[in-house]
Amino acid sequence: MRTKFDEQLRQLNIELIRMGSMCEEAISIAAKVLDGDNTVSTERVFSLEHDIDELEHDIESRCMRMLLQQQPVAKDLRVISAALKMISDMERIGDQAADVAELTGYVASTVAQGKLHITKMAKAAVMMVTESIDAFVRADMETAQKVIRDDDTVDSLFIQVRKELLASLKEEDDNPEAILDLLMIAKYFERIGDHAVNLAEWVQYSITGVHKSDEHHQDL
Amino acid sequence: MMTKRIFRAVLGISFVACLAGMSIAFTVLYSYFDGQLSKELKNEAEYLAVSLENYGTQVLEDLPESSERVTLIDTNGTVLFDNFFDPKTLDNHADREEIRQAMLTGSSKTVRNSDTFQKQTVYYALRLDDGKILRVSSTQYTIVAVMSGMVQPFLWITFSILMVVGLFAAHISHKIVEPLNQLDLEHPENNESYDELAPLLTKISWQQRTIREQLLAAKQKQEEFQMITDYMQEGLLLIDSGGEILSTNHSALKLLGVKPELQIFVGAHRENVLTLNRTEPFCRTVDAVLKGKRAETVLELDGSYYQMSANPVVTDGKVEGGVLLFVDITQQKQSETLRREFTANVSHELKTPLTSISGFAEIIKDGFVRPEDIPQFAGKIFEESQRLIALVGDIIKISQLDEDTLPYEKEAVDLYSLCQEIAKRLQSAAESKGIDFQVAGQSTIVSTVRKIADEVIYNLCDNAIKYNRPNGKVEVAVVGSSQKALVQVRDTGIGISAVDQRRVFERFYRVDKSHSKQIGGTGLGLSIVKHGAAYLGVQIGLESTEGLGSIFTLTWPRENDAPALEMKQD
């Protein structure tokens, strides 16, 4: 019985790594397309998003089955509940990557994006996602902590991008529609950063049993 | 366990023996006493009968108090005398069994149990000569009563015997087992124990030796394998059917970017291979191999390219795992890219002059050119074909240097005079641009291949003039020391930016692409320098500031060939 459960936990771990890897790929392709890289296509992002959704359902039912059949306790329970939370964050990252990919079609020709910090922001967000998955895969507290710290960078980059977009809107040197789209893209990346932080926090939770939100409550 | 069994057996046997002995003794004794009693009754009756005949009934009256019960019964069954009861209270005894029997046979014996079976009465009846019956009876405990009376002492005896036997059994069983417990199984043959154990001990000893040998062999195999794989340049991963890592080597961990402090194997907990790399091609390859298919892919890791080959391990048609091999193909990939670029460039460079030549020739053929203009057109065709020849010549040189099969012998070459010679050849070119061309230094002799050294220095000087500003300066300095010889070509030209410095030695690479046509040249000059220098074992240094000029430095090492050269000089 136990060995079966261990096997199930292992499978869950592999599935999570796969889902994380898909998110990484989707978001990095979206960032590349935004950067004007012609070697990748947005089609791949959409198919990845679809796969990620399917995998989410798969993992969800897997977790439910384990909770019901095995009634895990202590660390096993933490791992499974963290997995349940993580997949929803990963699914959101996948969705937003698809949204970004869709919007890039409209902004690709605009001049502004080259000068903006949006590319840098995209790269920072991609790195955060990659590192949060790394933290999960290696059960690495330090990397998780770094992801949580990096969110500030992405946030400040978002504010900067917003200012830049506002400035170019005032100068009317670009298509205003594209500027709005770029703003949305920037916001998506900012959200992706937040999801990466969530992932990192759940990684920490599954290792230590303490979630960041609990600490806040204690402070209050 | 064994002690317990021996103990129980001894105790059990003692208990059974005790029980059997007692019951046998009891049965024998009881039947003896029973027989004795009947005999006594009979004797008493017979004595009484004799006494009665001789002395009359007075004998009965004088019976002592302690006597057995004696009854005298008349022929009709009426009780005439009884020493325990008043005869009048007793009813007729004619129907009593012993009386009836005695009347018929002369004497009889019967046993009657009391209501409770606790006691039994034994009657002995004797017919007297006058027909009266004399009966003597005695009451005694029945066997059941005797037995039940004996239960308690019997239990006490059994208990005390068992106590003693228990102590003894514990001791004895311990004593039997003790040598077994003290067996030294590490050295089975050194034991002095029961002879019966000898074959077992020999067998154990033999097995131990076999196990030791096998363990040693297995360990050696494992070490051998680890050695081989660790010194392999290629990365190697073994995974089981669940995708968990069974074995790795240093290269694999290094190229997959696993930090050394990260322990992959923590006890029995094995990591899944996807924790090392989770990119899509990697996952796909692992999936394929675990389904029993061979798979190959190219992974890009940290800017390097690796050919990942995965082979399934199949036993009895079942996939047991996989072998993943990673081969660094970065160099291959790079040279492939270079070659592709070179081919593309060569075709382009060859096509340009050919197109011009063909164009001019076509115009002449069609008669669109006035006869007086023909020399001019022919001149252009000549120029272009010269360019083509130069280009093909350069390509041949480069490919020869590339092949590394040039059959040149090293000889003593004076770099200073070589430079002066080159300066002379380039004199006219320098003058036409108004460039001041200087060669400084002193005679410096190195062992090298003259033809290639000439080619290298010539190309550097040629470039220094070509890419110089008008009325600029080119200085060639030759410096020699005991360890090395330097040739430095310094110009005041356009200079090369830091980004371009890395690429100028590539074939057909031009810093200023827009002006290449005016300057001329094939774009292969520095490439020839690079390949030539590599052939000679000469280092090239490049310092440059954009807009100010460049300094190319060729360094010949001299350590080894210096003495040989001195001899030659003599």
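The pLDDT is the predictor's confidence in each residue, on a scale from 0 to 100. The structure described here is a predicted model, in which local features need a pLDDT of at least 70 and side-chain atom pairs count only at pLDDT 80 or more, while totals for chains, interfaces and linings use all residues. Residues are numbered from 1 along each chain as its sequence is written, and chains are lettered from A and ligands numbered from 1 in the order in which they are written.

For the model, the scores are ipTM 0.77 and pTM 0.56. The mean pLDDT of chain B is 82, with 93% of its residues at 70 or above. Helices (H or I, at least four residues) and strands (E, at least two) are DSSP runs numbered from the N terminus. Among the elements of chain B, the highest mean pLDDT, 90, belongs to helix α5 (residues 198-230), and the lowest, 46, to helix α15 (residues 562-569). Residues 562-570 of chain B have a pLDDT below 50, and this stretch makes 7 contacts in the model beyond near neighbours in sequence; two residues are in contact if their C-beta atoms, placed from the backbone, lie within 7 Å.

Chain B contains 15 helices and 17 strands. Of its 570 residues, 22% are buried, where buried means that 20 or more other C-beta atoms lie within 10 Å of the residue's own, exposed that 12 or fewer do, and partly exposed in between, with C-beta atoms placed from the backbone. Among contacts in chain B between residues at least 6 apart in sequence, 57% join residues at least 24 apart.

A good place to look in chain B is an open sheet of 5 strands, in the order β12-β14-β15-β17-β16, with mixed pairing; strands count as paired if DSSP finds at least two bridges between them. Its edge strands, β12 and β16 (539-545) of chain B, each pair on one side only. From one strand to the next, the twist averages 10°. Axes are lines fitted to C-alpha atoms, for helices over the stretch in contact, and angles run from 0 to 180 degrees between N-to-C directions. Helix α11 (residues 450-466) of chain B packs on the sheet, touching β14, β15 and β17 (549-557) of chain B, and its direction makes about 20° with that of β15(B). Helix α10 (residues 415-432) of chain B lies across β12, β14 and β15 of chain B and runs at about 175° to β12(B).

Within this sheet, strand β14 (residues 473-480) of chain B has a covered face made of B:Val474, B:Val476, B:Val478 and B:Gly480, and an uncovered face made of B:Lys473, B:Glu475, B:Ala477 and B:Val479. Strand β12 (residues 436-441) of chain B runs parallel to β14(B), joined by 6 bridges, and B:Gln438 stands opposite B:Glu475. With strand β15 (residues 484-491) of chain B, β14(B) pairs in the antiparallel sense over 7 bridges, and the two form a hairpin with 3 residues between them. Across this pairing, B:Val476 faces B:Val489 and B:Val474 has B:Asp491 as its bridge partner.

Turning to the interface, 10 residues of chain A are in contact with 10 residues of chain B. On the chain A side, α1 (2-34) and α5 (118-138) of chain A are the elements that give two or more residues, and α1(A) provides the largest share, 8 residues.
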